[in-house]
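Thanks, everyone. Please have the sequence and the structure open while I talk.

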Amino acid sequence: GRTPPGASQNVIQKFPFASDGNATDVGDLTAARHIATGQSSPDNGYVSAGVEGTPSTRSDVIDKFPFSSDANATDVGNLTVGRYGPSGQSSTTHGYTSGGRTLPQYYNVIDKFPFTSGGNASDVGDLTGARTWGAGQSSTTHGYSAGDYFVPGPGAPSNVIDKFPFSSDANATDVGNL
């Protein structure tokens, strides 16, 4: 995350689902980043993309940290392109990072990386348009990216809901609007 006056943070925090309570610091990412996205396997959390340091560097790093113990993250691979503001999705076997931007470039790429082993992401498809700052959702069979900034148009808000399959590598389709 990011705290004023614009410093990136590397903190991994957890909080309980079983009861109300404050979060606790349980580890650190491999680098301080903000405007990143997250993915989850049954055993681990992942953080991909984001903005690192000053001067700003667009990150392509995929960090992994365990749910079973409090520990620092490890760098397990790289995205196809460094960017910030993507949306994240998770199947049972892979993490997905879709969209995002660097200045002045916006991306429509859908990257996929394996949960079972460390490794770089591969470009497996495209969103229906180049977008950033969308919300990522996952069903058991599909990934979704919805409500973001869309190009063309500087900062034009989008109400598109894109959907892509987990069972095969394919482009997203526009399945509705917010």
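I will go through a sheet, the aromatic pairs, a pocket and the salt bridges.

One point before the details. This is a predicted model.

Let's start with the sheet. Here 5 strands come together, and the sheet they form is open. Read across, the order is E1-E2-E3-E6-E7. The pairing is antiparallel. Now look at the edges. Strand E1, residues 2-3, stands at one of them, and strand E7, residues 57-58, also stands at an edge. Each has a single partner strand, so one side of each is left without a neighbour in the sheet.

Take the E6 and E7 pairing in more detail. Strand E6 covers residues 51-52. It pairs with E7 in the antiparallel sense, over 2 bridges. Which residue in E7 is the bridge partner of Val 51? That is Arg 58.

Next, the aromatic rings. The count is 8 aromatic pairs. I'll show two of them. Phe 113 and Phe 115 make an edge-to-face pair. Their ring centres are 6.1 Å apart, with 80° between the planes. Phe 113 and Phe 115 are both buried.

Now go to Phe 164 and Phe 166. Here the ring centres are 6.1 Å apart and the planes stand at 80°, so this pair is edge-to-face. The cut-off for that label is over 60 degrees. Phe 164 is buried, and Phe 166 is buried too.

Back to Phe 113 and Phe 115 for a moment. Ring pairs join them with Tyr 46 into a cluster.

On to the pocket. How much space lies in the largest pocket? About 270 Å³. Several phenylalanines line it, including Phe 15, Phe 17, Phe 65 and Phe 67. Ile 12, Gln 13 and Lys 14 are also in the lining. So are Val 26, Pro 66, Ser 69, Asp 70 and Ala 71.

Which strands supply at least two residues each of that lining? Strand E2, residues 7-14, and strand E8, residues 61-66. E2 gives the largest share, with 3 residues. By class, the lining has 8 nonpolar residues, 2 polar and 2 charged.

Last topic: salt bridges. Side chains of opposite charge can pair when their charged atoms come close. In this model the count is 6 salt bridges.

First on my list, Asp 63 with Arg 33. Their side chains meet at 2.9 Å, N to O. Asp 63 lies in strand E8, and Arg 33 lies in strand E3, residues 24-34, so the pair ties together parts that are 30 residues apart in sequence. Buried or exposed? Asp 63 is buried, and so is Arg 33.

Now turn to Arg 131. It forms a salt bridge with Asp 148, with the closest N and O atoms 3.3 Å apart. Asp 148 is in the loop between strand E16 (142-146) and strand E17 (149-151), while Arg 131 is in strand E14 (residues 130-132), so this pair ties together parts that are 17 residues apart in sequence. Asp 148 and Arg 131 are both buried.

Arg 131 also meets Asp 162 in a salt bridge, at 2.9 Å, N to O. That pair links distant parts of the chain: Asp 162 sits in strand E19, residues 160-165, and Arg 131 in strand E14, 31 residues apart. Asp 162 is buried, as is Arg 131. Shared partners join Arg 131, Asp 148 and Asp 162 into one network of salt bridges.

That's my tour. Thank you.

Terms used: Residues are numbered from 1 along each chain as its sequence is written. This is a predicted model: local features need pLDDT of at least 70, side-chain atom pairs count only at pLDDT 80 or more; totals for chains, interfaces and linings use all residues. Side-chain values use heavy atoms; hydrogens and water are left out. Two strands pair if DSSP finds at least two bridges between them. Helices (H or I, at least four residues) and strands (E, at least two) are DSSP runs, numbered from the N terminus. Rings of Phe, Tyr and Trp (its six-membered ring) pair if their centres lie within 6.5 Å; planes under 30 degrees apart count as stacked, over 60 as edge-to-face and the rest as tilted. Buried means under 20% relative accessible area, exposed over 50%, partly exposed in between (1.4 Å probe, protein chains only). On a 1 Å grid over the protein atoms alone, a cavity is a set of points where a 1.4 Å probe fits but cannot get out, and a pocket is an open set with protein on both sides within 12 Å along at least five of seven lines; lining residues have an atom within 4 Å of a point. Grid points are joined across faces, edges and corners, and a volume is the space filled by probe spheres set on the points. Ala, Val, Leu, Ile, Met, Phe, Trp, Tyr, Cys and Pro count as nonpolar, Asp, Glu, Lys and Arg as charged, and the others, Gly among them, as polar. A salt bridge is a side-chain nitrogen of Lys or Arg within 4 Å of a carboxyl oxygen of Asp or Glu.
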